[in-house]
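I opened my notebook to look through this structure one feature at a time. Come along and keep the 3D view open beside you.

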Amino acid sequence: MITRLIAGAALAAFMGTAAQAQDPGAAPAYGSTRLSAGFAPDPTSVGVRAGGAIYAGNVDGGCTGYITHQPSYNLDYQAGSFDLYLSAASDADATLMVHAPDGSWHCNDDGEGTGLNPGIRIADPQSGTYNIWVGTFGSGSGYEPAMLHISELAFSTENIYSRAPNANLTPESGVLDLNTGFADDPRTVRVTAGGEVEASRGTSPMCRGQVMEAPDLWVNYAAGNAFDLYVSMESGSDTTLLVQGPDGRWHCDDDTAGDLNPGLRIENPASGRYAVWAGRFSSGPQVPATVYVSELGFLGGVDEPAELDYSLPSNYGSTELTAGFAPDPYNVELMAGGDVDVNEALGQNCRGFATTAPDFDITYTPGDFDLYISATSGGDATLAVNAPDGTWWCDDDSAGSLNPGIRFDNPMEGRYDIWVGTYSEGAPEPATLHVSELGFGGEFIGGAGLDYALESNFGSVVLEGGFTPDPYLVDLTAGGPLEAQEAADASCRGYVTEAPDFELQFEPGMLDLFISVLSEADTTLVINDPAGNWVCNDDGSSGLNPGIRFEDPQAGTYDIWVGSYWSGDNPDAQLAISELGFHEE
């Protein structure tokens, strides 16, 4: 029997001042059961959330991990001739603490044969109530889904909540269909590396890094006998690669392609589907990266002649524009830069580094206006344009403030292929391409608007009224490059990222909703509520900590940004979601 994970219970246990120690008498957060020796099914399993804010070692020096004051689950057990096995399984490093009927405490971190999962065997168990806490080894881990297993036979590591790389899920960045000897070698695909899933889950040998559950790319490859298959990745961050081949075997790498770039050489490759994951070595927000698929070497062979190839599909799409188009300017947000030296590829006065493929292309029908193509960026951007007659046009700073711009007098009809580069070689940078008939584009808007459609930096949760534990806490890093006053609403303060830091799906009960931040620095809150309204605060909680109270809260999605009051500051912070009040320590 498996009892599914519930959102929360026993609200009354939290209505007063939160207890500061484990309380076997408190109502268990996820229920209880009665079992007698010889029970079936064996194991009996229940879904819980592991973790808490209280250090288990405060009860007994032999205990470790972080738990709540109330038990996770209670077992009322009628003993017989069997030993009692209690174990837990989670993607996090879980711990167990048990209060037995005779008042003794039993604790474990990593049970024998269970990996990082805990297991406690109680020989000749007594009849009575066993209070069970499922914790996490580290503090600030949030409340991780876990399964508690009760058995008279053995420990169990089954976890229906486990997330592992899954090659059958639709890839995040598309599919490549390649035959051996394919042209345009290497093929490159822009991806975002990283994710919330440990690469070691379900991979053998165990891979390293953080990835998404779905692969970033499928490569459907028809192999021959002449070439090996090279899969590598380039990024400004420390990244890793995972590839699962058609035979189900895992291939993993960290730094083989040099400069912290991963590379895999698959000798005598089989025909079939290769699922590719772009990982980040450490946890944190996803980072831009480029995957290379080649039969020549890592990163496609960097000694090949530099080339800008307008026959390739554009990285960020295309459009058709006719004179008098609106809105003007037509804007495209993209990542500027690449590994191709534009001067080496084109010569003339061209500068910068770009990708082989265009970033964007427009098919333009002219009228009485000139055509302006420009780009704005927080860095030093460059432009290269291939006009309808095949001529190349390049610029560095004509639009002012290190921004490039090209004006076409009496523009031709046809296709304009556009590359937005970075002046110096390095990691890609956010930029905005502007196409106009009025003049060069305005200020940099790439990422200027907060985008609740983006994946949250530090995860999400679904909560219902009466959830436990209360408060629900999330450790994160505050701050970002965007000024909230301009990116969200004039009432907002601080500096935030384009993507939300956290997403709350909330079904209210009878209580108000309190969202606050606790930090040693001066932080701010920016929230987009279920009605699409911006709600912001600077110092509404204690000290310099922000707090927002939603009276009669709406059901739906609350996208939450935690900002830093000062630009360039990225302090550690703790987000708290509660129905009882602002979180203060």
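**Entry 1: strands and loops.** I began with the word I would need for every position: a strand is a DSSP run of E with at least two residues, and the strands are numbered from the N terminus. I also noted that I am reading a predicted model.

With that word in hand, I looked up leucine 260 and found it in the loop between strand 20 (250-253) and strand 21 (263-266). Leucine 260 has a positive phi of about 65 degrees, although it is not a glycine. I wondered whether leucine 260 is buried, partly exposed or exposed. At 43% relative accessibility, leucine 260 counts as partly exposed, because the buried class ends at 20% and the exposed class starts over 50%.

I then turned to asparagine 268, which also is not a glycine and has a positive phi of about 45 degrees. I found asparagine 268 in the loop between strand 21 and strand 22 (272-280). Its relative accessibility is 69%, so asparagine 268 counts as exposed.

**Entry 2: cis peptide bonds.** I looked at alanine 40 and proline 41 and saw that a cis peptide bond joins them, with omega at about 0 degrees. Proline 41 sits in the loop between strand 2 (32-36) and strand 3 (44-50). A cis peptide bond also joins aspartate 185 and proline 186, and here omega is about 15 degrees. I placed proline 186 in the loop between strand 13 and strand 14.

**Entry 3: strand 13.** In a regular strand the side chains alternate between the two faces of the sheet. I checked strand 13 for this: Leu176 and Leu178 point to one face and are buried, while Val175, Asp177 and Asn179 point to the other and are not. Which way do strand 13 and strand 17 run, parallel or antiparallel? I found them parallel, joined by five bridges. Across from aspartate 177, in strand 17, stands asparagine 220.

**Entry 4: an open sheet.** I traced an open sheet of four strands in the order 36-45-40-43, with antiparallel pairing. Its edge strands are strand 36 (472-477) and strand 43 (547-550), each of which pairs on one side only. On average, neighbouring strands of this sheet are turned by 15 degrees against each other, direction ignored. I followed strand 40 (residues 513-518) and counted four bridges in its antiparallel pairing with strand 43. Phenylalanine 514 has arginine 549 in strand 43 as its bridge partner.

**Entry 5: salt bridges.** How many salt bridges does a search of the whole structure find? It finds 10. I picked out arginine 163, whose side chain meets that of glutamate 196 at 3.7 Å, N to O. These two lie 33 residues apart. Arginine 163 also forms a salt bridge with glutamate 213, the closest N and O atoms being 3.2 Å apart. Glutamate 213 lies in the loop between strand 16 (210-211) and strand 17 (217-222) and arginine 163 in the loop between strand 12 and strand 13, so this pair ties together parts 50 residues apart in sequence.

My last pair was aspartate 361 and arginine 415, with closest N and O atoms 3.8 Å apart. Aspartate 361 is in strand 28 (residues 360-365) and arginine 415 in strand 33 (residues 414-422), 54 residues apart. Aspartate 361 is buried at 7% relative accessibility, whereas arginine 415 is partly exposed at 35%. I closed by noting that salt bridges with shared partners join Arg163, Glu196 and Glu213 into one network.

Definitions and conventions. Residues are numbered from 1 along each chain as its sequence is written. This is a predicted model: local features need pLDDT of at least 70, side-chain atom pairs count only at pLDDT 80 or more; totals for chains, interfaces and linings use all residues. Side-chain values use heavy atoms; hydrogens and water are left out. Two strands pair if DSSP finds at least two bridges between them. Axes are lines fitted to C-alpha atoms, for helices over the stretch in contact, and angles run from 0 to 180 degrees between N-to-C directions. A salt bridge is a side-chain nitrogen of Lys or Arg within 4 Å of a carboxyl oxygen of Asp or Glu. Buried means under 20% relative accessible area, exposed over 50%, partly exposed in between (1.4 Å probe, protein chains only).
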